[in-house]
Structure formats: structure tokens, C-alpha cells
Amino acid sequence: MSATTAPVWTKTRQQPGALARLFDNKAFLIIVCLAPAVGLLMTFLTYPLGLGIWLAFTDTTIGRPGIWVGLENFEYLLGDPIFLNSVFYSVFYTAVATFGKFGLGLWLALLLNQHLPMKSLLRAIILLPWIVPTVLSAIAFWWIYDPQFSILSYLSIKMGLTEGPIDFINTAWPARWSLIFANIWRGIPFVAISLLAGLQTISPSLYEAALLDGATPWQRFRHITFPMLMPILAIVMTFSIIFTFTDFQLVYAITRGGPVNSTHLMATLAFQRGIPGGQLGEGAAIAVAMIPFLVFATLFSYFGLARRKWQQGESND
């Protein structure tokens, strides 16, 4: 070996181990990351849903396993006037409350989107009805609607509008409207803040171009604001429909389904029949009967979001 020639040392590259290669696999990483979420959903969602559907086709009661009875629970419910009334009021309650929340929530979002003094403070205040626990809100409304100690009755008597206290929750239709008003009051912040977030994603240049073309405020709202808000509108309305249709705490804390079962939603009636009443099969059948309505709300969201292709300038096929 020449004195000027240095030995060349080559280092062999160590091959990654089996575990390292496994974690480099994208499919394996996806499975590992999703496994905890899937496990939680299977434990706390899929299993209770499956058990509820199974119980709906049995005559199970508290303390007795029951046997398979097929559609007998559903046939009984179709002839039950209390159940039919709960279906009617659930749909009526959801429709009126949802449109009320969206009308007032959209108006509030448009107002908060303007240049107002102390705008951040106003947004924080508006969130309070949504932040307060539902039970506390229900107790407050229960006091407001109380036949003897109602602040509304007190003010109406002092102002000379009525001669005596107003009975809000002991007659059918006043109690129904009172619950709807309470639900609207509680749901407006969620709608307003969600739509406000959508409004702030709309480019101001669109409004400037429309203003140069001489568009009126209504035309700007109709042809710019509303179409651009359609994706967030579909999502928020779907969640609002689901939350309203399955409302339980507000109704149960204020009226417990009374007077004379006139304010029962399907959710509160299912609880009353299944837990205090002990008829688990019948209560589960009422809960299962809610599924078609919730599927409709989900489909509404899907078809509403389909307009997003049009918003992005793609063909809406």
C-alpha cells in the first residue's frame, strides 16, 4: 500500500427495525390514531344505540328481561293519543323555535358584523345565554312563568295590562309557547355567533363591486350574503334542528311534560315511559321513532352543503 494512499472506511447503513418500518406505514398510523376515537364511539354511542333498538322490539321492563314482541310497541304507540300529541308538538316546537332562532340570530349576526363600539364586549354578552347551563336557564324561566311570583305578571299588573297573574304553564297552549320562547332565547347566541363567523369570511370586495353597480342593501343580501352563507347555514340549521328536536332538559325542568301531557316532546315522553314508568321497551320504541326525523335533518345538511361546489365555481353535479 502506497504511503500516499489512505485507507477508505465505509460505514454500512443500519436498516430500520420492524417497528420503525411499521410506524412509517401511513395506513397503520391512520388506524392507530383513529382507534381511540372509534373505541369511544363504539362504547358510548354504537352500543347504547344498538341496545335501544333491540329493546324497542321487546316488552322489557325494569327488573324483567322481556321477550321479543316485534312491532307490537310501535303498533300500540300509533294508537296512543299522548304519543301522537308528542310527535305533533315535537315537530311544531322544532319548526317554530328553529325559524325563530334563525331569524333573530341572522339579524343579530348582521348587526354585530357592522362597525359598532365595544363590539367584542357585545359578542361576549350575547354568548351568555348559551354558556349558562340549561338547567339554570330552565329554573330562571320557571320562576318567570310561575303563576304567583312571575315577574311578567307583576309588571303587567303594575302597568295595568292585566287585572291578575298570568297563568303561563298550567294551560296547554300558553305552556307550549312559553317553552318555545325559552328555547329561542337560549339558542339565538349559537346561531348568531356561527353566522357571524361565516359573514366575516365573505370578501368585502364583493360588496364594493355590488355597490358600484348600484345594488340595494336587499339585493346585496340576496345575491351575495345569503348564497355565500349557505354552507354554514346548512350546518348550523342541521345542528339546531337536532338540538331542538331532542331537547330534554328545558322542557322537563319547566313543565315535566304538563299540563296533562300537552308539552311532552318525544324525548321527554320516552324518558317518562322508560324510567319512571318502568316500561323500557315502550320508552325505547319512542326513542327509536325519533330516528327518521334526525335522518331527515342530516340529509338536509348534506344537500345544503352540495351548494358549496357552486360557491367555489365548480359545476354542481
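These legends describe close-up views of a predicted model.

**Figure 1. The whole chain is helical, with no strands.** The chain has 16 helices and 0 strands. Its C-alpha atoms fill a box of roughly 120 × 70 × 40 Å along the principal axes. The radius of gyration is 28 Å, whereas a compact globule of 317 residues would have one near 20 Å. Of the 317 residues, 36% count as buried.

**Figure 2. The largest pocket is lined by 23 residues.** Its volume is about 490 Å³. Nearest the centre of this pocket lie A270, G283, A284, A287 and V288. Four helices each supply at least two lining residues: α2 (26–56), α13 (266–274), α14 (280–288) and α15 (291–305). Helix α2 gives the most, with 7 residues. What is the make-up of this lining by class? It has 19 nonpolar residues, 4 polar residues and no charged ones.

**Figure 3. The second largest pocket has a volume of about 420 Å³.** Its lining consists of 14 residues. L110, N113, Q114, Y207 and T225 are the closest to the pocket centre. Helices α10 (204–212) and α11 (217–245) each supply at least two residues of the lining. Helix α11 gives the most, with 4 residues. By class, the lining of the second largest pocket has 7 nonpolar, 6 polar and 1 charged residues. For reference when the two views are set side by side, the lining of the largest pocket has no charged residues.

**Figure 4. Helix α4 spans residues 81–112.** This helix has 32 residues. From its first C-alpha to its last, α4 reaches 45 Å. That is close to the 46 Å expected at 1.5 Å a residue. Which residue caps the N-terminal end of α4? The cap is D80. One of the side-chain oxygens of D80 lies 3.1 Å from the backbone nitrogen of I82.

**Figure 5. S86 is a buried residue of helix α4.** The relative accessible area of S86 is 0%. Buried means under 20%, so S86 falls in that class. Where does the S86 side chain reach? It comes to the backbone oxygen of F83, at 2.6 Å. Both this contact and the D80 cap can be shown in a close-up of α4.

**Figure 6. The loop between α12 (249–254) and α13 holds a cis peptide bond.** The bond runs from G258 to P259. Its omega is near -5 degrees. P259 is placed in the loop between α12 and α13.

**Figure 7. R256 and N261 have positive phi in the loop between α12 and α13.** Neither residue is a glycine. For R256, phi is about 55 degrees. For N261, phi is about 60 degrees. Are these residues buried or exposed? R256 has 51% relative accessibility; exposed means over 50%, so R256 counts as exposed. N261 has a relative accessible area of 25%, which makes this residue partly exposed. The loop that carries R256 and N261 also carries P259.

**Figure 8. V132 sits in the loop between α6 (128–131) and α7 (134–144).** The relative accessibility of V132 is 30%. The partly exposed class lies between 20% and 50%, so V132 belongs there. How far is V132 from R186, C-alpha to C-alpha? The two C-alpha atoms are separated by 8.9 Å. Along the chain, V132 and R186 are 54 residues apart.

**Figure 9. P292 is an exposed residue of helix α15.** Its relative accessible area is 52%. The cut-off for exposed is over 50%, so P292 passes. The partner shown for P292 is L212. P292 and L212 are 80 residues apart in sequence. In space, their C-alpha atoms are 48 Å apart. Helix α15, which holds P292, also supplies at least two residues of the lining of the largest pocket.

Terms used. Residues are numbered from 1 along each chain as its sequence is written. Side-chain values use heavy atoms; hydrogens and water are left out. On a 1 Å grid over the protein atoms alone, a cavity is a set of points where a 1.4 Å probe fits but cannot get out, and a pocket is an open set with protein on both sides within 12 Å along at least five of seven lines; lining residues have an atom within 4 Å of a point. Grid points are joined across faces, edges and corners, and a volume is the space filled by probe spheres set on the points. Ala, Val, Leu, Ile, Met, Phe, Trp, Tyr, Cys and Pro count as nonpolar, Asp, Glu, Lys and Arg as charged, and the others, Gly among them, as polar. The expected span of a helix is 1.5 Å times one less than its number of residues. A polar contact is a pair of N or O atoms within 3.5 Å; within protein, one must be able to donate a hydrogen and the other to accept it, and residues adjacent in sequence count only if both atoms are side-chain atoms. Buried means under 20% relative accessible area, exposed over 50%, partly exposed in between (1.4 Å probe, protein chains only). The radius of gyration is taken over C-alpha atoms; the globule rule is 2.2 Å times the number of residues to the power 0.38.
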